[in-house]
Amino acid sequence: MSKLTLAQANKIVEVALAKAHEMKIRPLAVAVLDEAGHVKSLQREDGASMFRCDVAIGKAWASVGMGVASRTLLQRAKDNPQFFGALSATAQGKFLPQTGAVVIKDAHGNVLGAAGASGGTGDEDEAVCIAGVEAAGLLTG
C-alpha cells in the first residue's frame with residue numbers, strides 16, 4: 001500500500017489555500033493527516049482565529065478514523081447522537097464530525113489520510129480540501 005508523502009500533503013495545503021483565496025473565503029487553516037491520524041502538514045493563514053487548526057485537525061481526524069468524509073459523519077451523528085457523543089468522549093475531544101474534511105485515497109481505494117479545513121462554511125472547507133487532494137493526484141472519499 002502506498003503512503004501519503006510530505007510533498008503530497010504540502011501540495012494539498014498549498015492548493016486548498018489558493019482555492020480558498022479564489023473563493024474569497026475568510027482566513028482558514030488546512031490540516032492533512034496520515035492514515036494513523038498524525039499531522040503531516042498544517043497551515044493557518046494570517047488572521048485566522050486560534051481555533052482553526054484544532055477544528056481542521058478534528059474534522060480530518062474523525063474522517064480518517066472512520067474512513068469517510070466528515071459530511072457523512074455529520075449525518076450519522078444526527079441519526080445516532082448518543083454513539084457519536086460517546087465516540088467524541090472516547091477520542092478525548094479530537095473527533096469532530098462536521099462537514100469540511102475528506103478522506104484521501106490512492107488509485108486502489110486505500111485510505112492514505114484525510115484533509116480538513118476550518119474557516120469557511122462546511123461546504124467551503126470541503127471544497128478547498130477536495131481541490132487540494134485532486135491537485136496532488138489523489139482521490140477523495
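**View 1. Ser-63, a buried residue of helix H2.** With a relative accessibility of 0%, Ser-63 counts as buried, because buried here means under 20%. Welcome to this predicted model; Ser-63 is our starting point, and its home is helix H2, which covers residues 52-66. Which residues is Ser-63 in contact with, leaving aside its neighbours within four places in sequence? Val-68, Ala-69, Ser-70 and Leu-73 are among them, and the list goes on with Ala-101, Val-102, Val-103 and Ala-114.

**View 2. Val-55, a partly exposed residue of helix H2.** Stay in helix H2, where Val-55 also has its place. Is Val-55 buried or partly exposed? Its relative accessibility is 23%, so Val-55 counts as partly exposed. Once residues up to four places away in sequence are set aside, Val-55 touches Leu-96 and Ser-118. Look for Gly-119 too: 64 residues separate Val-55 and Gly-119 along the chain, while their C-alpha atoms are separated by 9.0 Å.

**View 3. The open sheet of five strands.** Now to the sheet itself. In what order do its strands stand? Reading across, the order is S2-S1-S4-S3-S5, and the pairing is antiparallel. At the edges you will find strand S2 (39-44) and strand S5 (139-140). Each of these has a single partner strand, so one side of each is left without a neighbour in the sheet. Helix H5, made of residues 122-135, packs on the sheet and touches S3 (101-105), S4 and S5. The direction of H5 makes about 140° with that of S4.

**View 4. Strand S1 and its buried residues.** Six of the six residues of S1 are buried, so the strand is largely enclosed by the rest of the structure. In a regular strand, side chains alternate between the two faces of the sheet. How are the two faces of S1 covered? Ala-29, Ala-31 and Leu-33 are buried on one side, and Val-30, Val-32 and Asp-34 are buried on the other.

**View 5. The partners of strand S1.** S1 pairs with S2 in the antiparallel sense, over five bridges. Find Leu-33 here: its bridge partner in S2 is Val-39. Four residues lie between the strands in the hairpin of S1 and S2, where Gly-37 takes a positive phi near 85°. Next comes the pairing with S4. Strand S1 (residues 29-34) runs antiparallel to strand S4 (residues 111-118), and six bridges join this pair. In S4, Ala-114 stands opposite Leu-33, and Ser-118 stands opposite Ala-29.

**View 6. The hairpin of strands S3 and S4.** S3 and S4 run antiparallel, with five bridges joining them. One residue to pick out is Lys-105, whose bridge partner in S4 is Val-111. How many residues lie between the two strands of this hairpin? There are five, and in the turn Gly-109 has a positive phi of about 85°. S4 is mostly covered, as seven of its eight residues are buried.

**View 7. Gly-116 in strand S4.** A glycine of strand S4 takes the stage here: Gly-116. At a relative accessibility of 0%, Gly-116 counts as buried. Leaving out residues up to four places away in sequence, Gly-116 touches Ala-29, Val-30 and Ala-31, and also Ala-56, Ala-60, Gly-100, Ala-101 and Cys-129. How far apart in space are Gly-116 and Cys-129? From C-alpha to C-alpha it is 6.3 Å, with the two residues 13 apart in sequence.

**View 8. The crossing of helices H1 and H5.** Two packed helices are described by the angle between their axes and the distance between the axes. For helix H1 (residues 6-22) and H5, the axes come within 7 Å and cross at roughly 135°. The two helices are therefore oblique to each other, and their crossing is right-handed. Which residues meet in this contact? H1 brings Lys-11, Ile-12, Val-15, Ala-16, Lys-19 and Ala-20, while H5 brings Val-128, Ala-131, Gly-132, Val-133 and Ala-135. Sorted by kind, the residues of the contact of H1 with H5 are eight nonpolar, one polar and two charged.

Note on methods: Residues numbered from 1 in each chain as written. Predicted model: local features only at pLDDT ≥ 70, side-chain atom pairs only at ≥ 80, totals over all residues. Heavy atoms only, no water. Pairing = 2+ DSSP bridges. Contact = heavy atoms within 4.5 Å. Axes fitted to C-alpha atoms, helices over the stretch in contact; angles between N-to-C directions. Parallel < 35°, antiparallel > 145°, perpendicular 65-115°, else oblique. Left-handed = near helix turned anticlockwise from the far one by under 90°. Nonpolar A, V, L, I, M, F, W, Y, C, P; charged D, E, K, R; others polar. Buried < 20%, exposed > 50% of the residue type's maximum accessible area, 1.4 Å probe, protein only.
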